[in-house]
Amino acid sequence: MTTKYKVPATYMRGGTSKGVFFKLSDLPLEAQAPGEFRDKLLMRVIGSPDPYEKQIDGMGGATSSTSKTVIVAKSDKADHDVDYLFGQVAIDKPSVDWSGNCGNLTAAVGAFAINNGFVDASRIPQNGDLEVRIWQKNIEKTLVVQVPIKDGEVNEVGDFKLDGVAFTSSEIKVQFLAPSPVGENMFPTGNLVDTLTVDGLGDIPATMINAGIPTIFVNSHDINYSGVELQEDINGDSDKLAFFEKLRIAGALKMGLISDPSEAKTRQHTPKIAFVSPSQDYISSSGDMVKSANIDLNVRALSMGKLHHAMMGTAAVAIACAAVTKGTLVNLAAGGGDISDVNFGHPSGTMKVGAKTAETDAGWQAEFASMSRSARVIMEGVLHVPL
C-alpha cells in the first residue's frame, strides 16, 4: 500500500545551491530519527532514484547543486541557535549521503532559523545584522552566519552579486569555525603534497585536505587539462568522468575515508576532487571575461561525479585552507608564499575566500574560513509525498 504524507517544507536557495528545508518536528514521526524511512522519504521528496536522471517527479533539479535536503532543529548545545543536518540525495541511485556539509546552504539555514522562530525575537534588531550560531551535525562543527535584517525581518533584497546566481540579493557573511578535525592533522597523510598512483594514469601529485569537506587537489597540467574548463567540456564525456572518479577513489583510499574502492559508490558526496592552475583569462559560463589580473588562481571541482557549475561552499573552505598553507598545490598555484585570502576563478565567475591555519603538535589545523553568500525563500508550503 502507498501512504501519502503531507509535510510542511520550505524551498530555499543558499549560495549557488537549492534545497528542501524541514523543521525536524514537522517530519513524520518515523523520519525524525536517522534510518531507512527518513532516507526513503527524502529521496521521494527529491524524486530519486530516477533512471532518467531528471527528477521530474520530485523537487530536485537533476544536478548535485539542487538535489539537497536540510533538517533544522532547535539546538540544545550551549551558545548555538539551531542544529543543521544536511542530506545529499543521489540522482539515479537510492542513496542519501550524510557524510558532509553543504556550505552554500549554510547561508540559508541562518535565514530559515530566523523565519521559523528558532531565534528569540528579543535578539532580532529592527535593522542591522543578526548573528546565528549553527551546529552542523554532519561534521560536528560551529558555523556563524551574519543575516541582514530590515524592518525586523530577514532582508533578501540587495545589490550583492554572487557569480553563479542570476539575480542580486543581500550579502550574508559565513564563517566556518575550526573547520578541520580537532586534534588531527587536516592533511590526513601528514604531507602537504602526496603522489597518487592510479592504474593507467601513472603518478599524479596531489594535496589532500580535510577542512570544510575532504578534498583532493591536483594540478590541471598534470592531468592534461587547461584549468579553465566549463561543464560542457567534461560532463558529457563518460571517459573523462571515469578518469576523475579513478582519481577520487585513489585519494579516498589514501586519506583513509574508504578501505575498498567499492565503498566509493555509496560515498559520492565525499571526498571532492578538484584541479587547480595559475590565474589565466577565460570566458565564464555567463559569457563574461574573467581577467587573470583579477584572480589569484583557477579551480574546477567535481560534485557527485560531475563538474560543478560554480563552487561548492565546503570545497571553497578547503580551497581557502589549502591556499593559505605554504607549500600545498593550491598555495603554489596562487603564487606561493604567505597568503591570507584568495580570489579564485570557477566556471561561473570568481569567489573570494579567506582562512587562517597553523601548524600545531597535532599537525596542521584550520582556525577558521570565511566567505560571503546570499539566500532567499523560493517557496513555503506543504509537500505531498507518496511512499
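**Entry 1: the S6/S7 hairpin**

I started at Gln136, which stands opposite Lys141 in S7. This is a predicted model, so I'm reading the pairing as the prediction has it. I then asked how S6 and S7 run relative to each other, parallel or antiparallel. S6 and S7 (residues 141-150) pair in the antiparallel sense, and I get 10 bridges for the pair. Four residues sit between the two strands of this hairpin. I checked the turn for odd backbone angles and found Glu140 there with a positive phi of about 55 degrees.

**Entry 2: S6 and S4**

Next I looked up what else S6 pairs with. Strand S4 (residues 82-89) runs parallel to S6 (residues 127-136), and three bridges join them. I followed Val82 across and landed on Ile134, its bridge partner in S6.

**Entry 3: stepping back**

I counted elements for the protein: five helices and 21 strands. Is the radius of gyration in line with a compact globule, or out of line with one? For 387 residues the rule gives a value near 21 Å, and the protein has 20 Å, so the two agree. The C-alpha box along the principal axes comes to roughly 50 × 50 × 45 Å. I have 55% of the 387 residues down as buried. I also looked at sequence separation: among contacts with a separation of 6 or more, 64% are between residues 24 or more positions apart.

**Entry 4: the largest pocket**

On to the open spaces. The largest pocket has a volume of about 930 Å³. I listed 43 lining residues, and the closest to the pocket's centre are Ile91, Ser303, Met304, Gly305 and Lys306. Which elements give two or more residues to this lining? They are strand S2 (17-23), S4, helix H3 (238-255), strand S16 (297-303) and strand S17 (306-307). S4, which I had met as the parallel partner of S6, turns up again here. H3 gives the largest share of the lining, eight residues. By class I noted 16 nonpolar, 17 polar and 10 charged residues.

**Entry 5: the second largest pocket**

About 250 Å³ of space lies in this one. I found 16 residues in its lining, with Asp163, Ser284, Ser286, Asp288 and Ser348 nearest the centre. Strand S15 (289-290) and strand S19 (349-360) each bring at least two residues to the lining. The split here is four nonpolar, eight polar and four charged.

**Entry 6: closed cavities**

How many cavities of 30 Å³ or more are there? I count two. The largest cavity holds about 40 Å³. Its lining includes Lys68, Gln88, Asn101, Cys102, His269 and Lys272. Ser303, which I had noted as one of the residues closest to the centre of the largest pocket, also lines this cavity. Helix H2 (103-115) and helix H4 (313-323) each supply at least two of the lining residues. I get two nonpolar, eight polar and two charged residues by class.

The second largest cavity has a volume of about 30 Å³. Among its lining residues I wrote down Thr16, Leu162, Asp163, His346 and Arg373. Asp163 is a repeat for me, since I had it among the residues nearest the centre of the second largest pocket. By class this lining divides into four nonpolar, three polar and two charged residues.

Notes:
Residues are numbered from 1 along each chain as its sequence is written. This is a predicted model: local features need pLDDT of at least 70, side-chain atom pairs count only at pLDDT 80 or more; totals for chains, interfaces and linings use all residues. Side-chain values use heavy atoms; hydrogens and water are left out. Two strands pair if DSSP finds at least two bridges between them. On a 1 Å grid over the protein atoms alone, a cavity is a set of points where a 1.4 Å probe fits but cannot get out, and a pocket is an open set with protein on both sides within 12 Å along at least five of seven lines; lining residues have an atom within 4 Å of a point. Grid points are joined across faces, edges and corners, and a volume is the space filled by probe spheres set on the points. Ala, Val, Leu, Ile, Met, Phe, Trp, Tyr, Cys and Pro count as nonpolar, Asp, Glu, Lys and Arg as charged, and the others, Gly among them, as polar. The radius of gyration is taken over C-alpha atoms; the globule rule is 2.2 Å times the number of residues to the power 0.38. Buried means under 20% relative accessible area, exposed over 50%, partly exposed in between (1.4 Å probe, protein chains only). Contact means heavy atoms within 4.5 Å.
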